[in-house]
Each structure stands twice: as C-alpha cells, then as structure tokens.
Amino acid sequence: MNKFQEELKKFAKLAIRTGVNLQKGQGLFVAAPIESAPLAHLVAEEAYKAGAKDVHVEWTDDTTSLLLFQHAPLESLKQVPEWKFYARNALVKDNYAVLNIYGPNPDLLEHIDGARVAAYTKAAGKALVPFREHLMKSKTQWSIIAYPTGAWSKKVFPDKSAEEAQKQLMKEILRISRVTGHEDPIAAWREHNKKLKIAKDFLNRQKFRQLIYRAAGTDLTITLPEGHIWCGGAEPSESGVMFNANIPTEEVFTLPHKDGVDGTVAGTKPYHFNGQIIDGFSLTFKNGEVVDFKAEKGEEALKHLLDSDPGARRLGEVALVPHRSPVSKSGLVFYNTLFDENASCHLAVGKAYPTCLENGGDMDETQLERAGVNNSIVHEDIMVGSAELDIDGVKADGTRQAVFRGGAWAFSFE
Ligand code: ZN
Ligand code: ZN
C-alpha cells in the first residue's frame, strides 16, 4: 500500500470512528458522489470492521443532476415525489448513522435559471423534513467529510491539470482534516475536541445576552435567547453517543434569537448556494428579519434563497471561528461550505439547531418558535469573518466583554 492509500484508509477510519462513531450492530447510510467510490469503499469496509449491520450507499452524480435541471419539466421540479427520499426519511428512524461524502461542483448550476433551482430546492427541502429534523436534533449520529471531485478540484486550482488539481485538493483535505501529519488521527481529534470544549465551556459560563459585530461594512447586534448553549466539536446523540458532525470543524456555535438581529453584515467570502455563487453581498436585518440585501454576484440566487420560506430571512446559527484556522492557513477559497465556514466566523440563514437550546431537542415546533428558535427548510452558512472582525459580548448586567479582536479570540484558553 502506498502512502496515499494509507492516508485515505486512515481518513475512512476517522470518518467511522470519530465522525459518526458507528456503534456495533448499527446501520450506516452513505451519500457519495460516484467519483468518490475509492473512499466510499474504504468507508464501507471500516464500517463493517466497526460492527455495522448494513452499509447502504446512495450514489450521487452531478451529470444526471444537471440534466434534470436542464430538461425536466418545471412541474416535476416543483413536485418531488415522496418515494425519492423515502429511504432517507425511514432509515434514520431505524437508527442508521448518516455519512455524507461531500464534493459538489460549485458551478454546476451556473447556467440554470434560478427559479428552476429554487423550485427544486424548495420541494426537496420539504420532502426531506423528517430526515433533516432527525439529524438537526442529533437523534442519530451523522457526519460530513469531503472528497475532491474533478470539477471542484479544478475550481480551487484552475491553473493545474485535472489530475494535479485533484491530487492537490486531496492533500489539502487530508491535512485540514488532521489526517496528514498525525500518527493517529483519531487521537489528534480527541485533542482537538478538548480544545473546542474549553472554548464552548468558556462561552457557556459567560451567558452573553448579545453579541456585537464590527468590521468594514458590518455593524450587527445579535441577541441570544435565554438558555442558549454553545456547541462545537464532538456532541452527544440522543442516546449519548459522541460524534463529530463535520470533518473538519473549527467552530463553536449557538443559535441567535430569531427576532433579535439588527444591523448590517457584509459577507467576506464567495458563498456557494446550490451550484451558484453569491459574492460581495450584505444583509440588513431589523427585528431578526432580512429587510434589505445586495450582492455583486448572484443577487438573484440570494433572493431565491431568502425567499425559500419566511424562516430563510432569519438567522439560525452564529458561529465563531478564529481567522487563523488550519483552513485559512491554506490561503485558498474552497467554494465549499464545509471548508470555507471553518476558516471564518459565519452566520446561517434558516433553520437553527434545536440542540443549541436547553431541552430544545425535546420541544415541539410551537415551543421552539416561542423560545426564539428559527425554523426553515434551508440552513445556509454565510461567511462574515475576517482579520478585522471585532466581537463584543454583552452580559445580563450590561457589561461588555471583548470576545474577538482582529479576527481572533480576545482571551487565552490556557
Ligand atoms: Zn457552522
Ligand atoms: Zn451551519
């Protein structure tokens, strides 16, 4: 086995042991682009080694997706039949863990009419509500890892040959995912999870009522609901199995009060939404709702995103990531949220993670709504961090404390 094969195997093992932390006798669902077969096969092998009862792989393919968007009648984009997602919605109830191998072509739908993309996204979002609810309430373990598909690799490294680009992106993914350079990646993640825990424990002790963001083009106040919990790194599933939902992850995050966001925030990285790129954008909020927005590129796509449903105009996540993370160290724009969001403080429009609120996992929709937890069929991370970003926390007694200065934690965790 050559060195690359060895590292890929370590990566697959990391996904199974640290990512989903698959338990003996549990089933595993894998969504994987057909190009990622070499990794998906290793993942399946590692899953059976961990005692999986079954590994169900659903292969995805950009070309057939593109053909659907190009040629299917608008009516069928608007009405996704229930059976299409039946397996996903059913298997999570059967306690299958879920692993997503992720490497979409950021430009796939560049030339598709935004209304067609929006119609399908909305219909698919609705059809997938049970699946998504299950994951967002951590009822089963789930994780996302990346694979450098050809088109994505060329987007990140446009000057390299297809083969070189893919090799280089794989190298970056393995480095950033703490595989390369670690004898035992699983142990490296144990250490990393410890550090994230120190950060979130600190924030949880502060019980900030508000966060105030200041940077070029940004002046934003975010109210945090009572009982909010800062999450990050390994989190327990409903049955208490620790898992890492994202590999890589560098963030600690919580939920904003859905009615408590005011001011303007500027995006700091191009943002990739459903095969379309949104860049140079800003959002203005009043009482939690986006009341104004603009984008130099992809304004129509941004409009479609915000019009997905009423919750798409409100925030569901506030995440803190130091500007100098291993992802930022690469200096690359990945055009892939899994990476770009871990190089930058970000906010998400759309659905909030109920687990970021005390007892939120047990609340029904009305209770969550009353507690200020946003609901939507979308959850889209937008990057707002930079080396200039300052964040203050405001405590219940009105005192202010520096949380971020110049894009870095304003205090030491040592
Ligand atoms: Zn996040
Ligand atoms: Zn998010």
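I take buried to mean under 20% relative accessible area. I note at the outset that this is a predicted model.

**Entry 1: the two zinc ions**

I looked up the first metal site. The zinc ion (ligand 1) has Glu251 (OE), Glu317 (OE) and His346 (NE2) as its protein donors, and they lie 1.9 to 2.2 Å from it. Along the chain, I found that these donors follow the spacing E-x65-E-x28-H. Glu251 sits in the loop between strand S8 (242–243) and S9, while Glu317 belongs to strand S14; with their positions 66 residues apart, the pair links distant parts of the chain. Glu251 and Glu317 are both buried.

I then turned to the second ion. Which residues coordinate the zinc ion (ligand 2)? I found Glu317 (OE), His379 (NE2) and Asp381, the last listed with two OD atoms, at 2.0 to 2.6 Å. The spacing of these donors along the chain is E-x61-H-x1-D. I recorded angles of 54 to 144° among the 4 donor atoms, and the site is irregular. I checked this against the cut-off: four donors count as tetrahedral if all angles lie between 85 and 135 degrees.

What relates the two ions? I found the zinc ion (ligand 1) and the zinc ion (ligand 2) 3.4 Å apart, with Glu317 coordinating both. Glu317 lies in strand S14 (residues 315–320) and His379 in strand S16 (residues 379–383), so this pair ties together parts that are 62 residues apart in sequence. I read a relative accessible area of 2% for Glu317, which is buried. His379 is buried as well, at 10%.

**Entry 2: Thr254**

I next examined Thr254, which is placed in strand S9 (residues 252–254). Is Thr254 buried or exposed? I found a relative accessibility of 0%, so Thr254 counts as buried. Its side chain reaches the backbone oxygen of Ile229 at 2.8 Å. Not counting residues up to four places away in sequence, Thr254 touches Leu224, His228, Ile229, Trp230, Gly316, Glu317, Val318 and Cys356. I note that this list includes Glu317, the residue that coordinates both zinc ions.

**Entry 3: helix H2**

I looked up helix H2 (residues 37–49), which has 13 residues. From its first C-alpha to its last, H2 reaches 18 Å, close to the 18 Å expected at 1.5 Å a residue. Its buried residues are Ala37, Leu39, Ala40, Leu42, Val43, Ala44, Glu46 and Ala47. An α-helix has 3.6 residues a turn, so residues three or four places apart point the same way.

What do the buried residues of H2 pack against? I listed helix H1 (3–19) and four strands: S1 (27–33), S2 (54–60), S3 (97–102) and S4 (142–146). After H2 comes Gly51, whose phi is positive, near 100°.

**Entry 4: Lys155**

I located Lys155 in helix H8 (residues 150–156). Lys155 is partly exposed, with a relative accessible area of 23%. Leaving aside neighbours within four places in sequence, I found Lys155 in contact with Pro106, Asp107, Ile277 and Tyr335. From C-alpha to C-alpha, Lys155 and Glu7 are 24 Å apart in space, and they are 148 residues apart in sequence.

**Entry 5: the domains**

Finally, I looked up the division of the chain, which gives domain 1 (3–176) and domain 2 (207–233 + 247–409). Taken over C-alpha atoms, the centres of domain 1 and domain 2 are separated by 24 Å. How many residues of each domain are in contact with the other? I recorded 44 residues of domain 1 in contact with 34 residues of domain 2.

Notes:
Residues are numbered from 1 along each chain as its sequence is written. Chains are lettered from A and ligands numbered from 1 in the order in which they are written. This is a predicted model: local features need pLDDT of at least 70, side-chain atom pairs count only at pLDDT 80 or more; totals for chains, interfaces and linings use all residues. Side-chain values use heavy atoms; hydrogens and water are left out. Donors are N, O and S atoms within 2.8 Å of the metal (3.2 Å for Na, K and Ca); water is not among the atoms, so sites may look incomplete. Four donors count as tetrahedral if all angles lie between 85 and 135 degrees; four count as square planar and six as octahedral if opposite donors are over 155 degrees apart and all others between 65 and 115; anything else is irregular. Helices (H or I, at least four residues) and strands (E, at least two) are DSSP runs, numbered from the N terminus. Buried means under 20% relative accessible area, exposed over 50%, partly exposed in between (1.4 Å probe, protein chains only). Contact means heavy atoms within 4.5 Å. A polar contact is a pair of N or O atoms within 3.5 Å; within protein, one must be able to donate a hydrogen and the other to accept it, and residues adjacent in sequence count only if both atoms are side-chain atoms. The expected span of a helix is 1.5 Å times one less than its number of residues. Domain bounds come from an automatic or database domain assignment.
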